[in-house]
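Reader: Hi! I've got this model open and I'm a bit lost. Could you pick one part and take me through it closely, then show me how the rest fits around it?

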Amino acid sequence: MPDRNGVSELHHDAMTGDGRIDFEIIEGFFFAYRDFISDPDAILEKSGFGRAHHRVVHFVNREPGMTVADLLDTLKITKQSLARVLKQLIDSGYIQQVAGPEDRRQRKLYPTRAGRELALALAEPQSRRIARAFEAMSADERQVVIQFLTGMQNAKSE
């Protein structure tokens, strides 16, 4: 709805950012992420799972025995969000929850064989994309990419 301050004024020229914003890199991330997750999304959809399930399966497989608290901290999601996803993965036989040996209230998470197979099935097409992107790069260039991705992450609290 138009107003007198020109808030709804139409712009016919492409936004450039005037050198302050790197739209080329931002768009590169949009498209790379879209394609990077497309293969796992298709696999997950067959089981009625989504990206939250993917993240849980990935991190539990990368760190078997991690606690629910550790997973919450890694994923930066609410207990409520994790509870629903985790219940579905446990009920479907992909993750097993075990009471901690010292503290029975502590819940440790482990992948089952099916969970390991799912994690590999999700990671394989992503790994192929990564390998294809690195084909023409040297080991030093690969390190620059890793440094860049690390720099994009929020600083970990100590």
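Author: Sure, and let's begin with a word we'll need: a residue is called buried when its relative accessible area is under 20%. Val56 comes in at 1% relative accessibility, so it counts as buried. Keep in mind that what you're looking at is a predicted model.

Where is Val56? It sits in helix 2. Now find Ala119, which is 63 residues away from Val56 along the chain. In space, the C-alpha atoms of Val56 and Ala119 are separated by 9.5 Å.

Helix 2 takes us to the loop before it. Phe49 is in that loop, between helix 1 (23–45) and helix 2 (51–62). Which ring does Phe49 pair with? Its partner is Tyr94, and the two form an edge-to-face aromatic pair. A pair like this is described by the distance of the ring centres and the angle of the planes. For Phe49 and Tyr94, that gives 5.7 Å centre to centre and 75° between the planes. Tyr94 belongs to the loop between helix 4 (79–91) and strand 2 (95–99), so to speak a distant part of the chain, 45 residues from Phe49. Both rings' residues, Phe49 and Tyr94, are buried. The structure holds two aromatic pairs, and this is one of them.

Stay in Tyr94's loop for a moment. Gly93 lies in the loop between helix 4 and strand 2 too, but with a relative accessible area of 30% Gly93 is partly exposed. The C-alpha atoms of Gly93 and Thr112 are 6.9 Å apart, with their positions 19 residues apart along the chain.

Next, the pocket. The largest one holds about 2200 Å³ of space. It is lined by 48 residues, and those closest to its centre are Tyr33, Phe36, Ile130, Leu149 and Gln153. Helix 2 turns up again here: along with helix 1, helix 3 (68–75), helix 5 (113–134) and helix 6 (139–152), it supplies at least two residues of the lining. Sorted by class, the lining has 24 nonpolar, eleven polar and 13 charged residues.

There's another ring to look at as well. Arg142 lies over the face of Phe134, at 5.0 Å from the ring centre.

Two lysines make a nice contrast. Is Lys76 buried or exposed? With 62% relative accessibility, Lys76 counts as exposed. You'll find Lys76 in the loop between helix 3 and helix 4, and it has a positive phi of about 55° although it isn't a glycine. Lys108, in strand 3 (residues 107–111), has 18% relative accessibility and therefore counts as buried. Between the C-alpha atoms of Lys108 and Glu135 there are 38 Å, although the two are 27 residues apart along the chain.

Finally, zoom out. The chain has six helices and three strands, and along the sequence they follow the pattern α-α-β-α-α-β-β-α-α. Its radius of gyration is 21 Å, well over the 15 Å that the globule rule gives for 158 residues, so the chain is more spread out than a compact globule. Along its principal axes, the C-alpha trace spans about 65 × 50 × 40 Å. As for Val56's company, buried residues make up 23% of the 158 residues in the chain.

How values were computed:
Residues are numbered from 1 along each chain as its sequence is written. This is a predicted model: local features need pLDDT of at least 70, side-chain atom pairs count only at pLDDT 80 or more; totals for chains, interfaces and linings use all residues. Side-chain values use heavy atoms; hydrogens and water are left out. Rings of Phe, Tyr and Trp (its six-membered ring) pair if their centres lie within 6.5 Å; planes under 30 degrees apart count as stacked, over 60 as edge-to-face and the rest as tilted. Helices (H or I, at least four residues) and strands (E, at least two) are DSSP runs, numbered from the N terminus. Buried means under 20% relative accessible area, exposed over 50%, partly exposed in between (1.4 Å probe, protein chains only). A charge sits over a ring if NZ of Lys or CZ of Arg is within 6 Å of the ring centre and within 35 degrees of the ring normal. On a 1 Å grid over the protein atoms alone, a cavity is a set of points where a 1.4 Å probe fits but cannot get out, and a pocket is an open set with protein on both sides within 12 Å along at least five of seven lines; lining residues have an atom within 4 Å of a point. Grid points are joined across faces, edges and corners, and a volume is the space filled by probe spheres set on the points. Ala, Val, Leu, Ile, Met, Phe, Trp, Tyr, Cys and Pro count as nonpolar, Asp, Glu, Lys and Arg as charged, and the others, Gly among them, as polar. The radius of gyration is taken over C-alpha atoms; the globule rule is 2.2 Å times the number of residues to the power 0.38.
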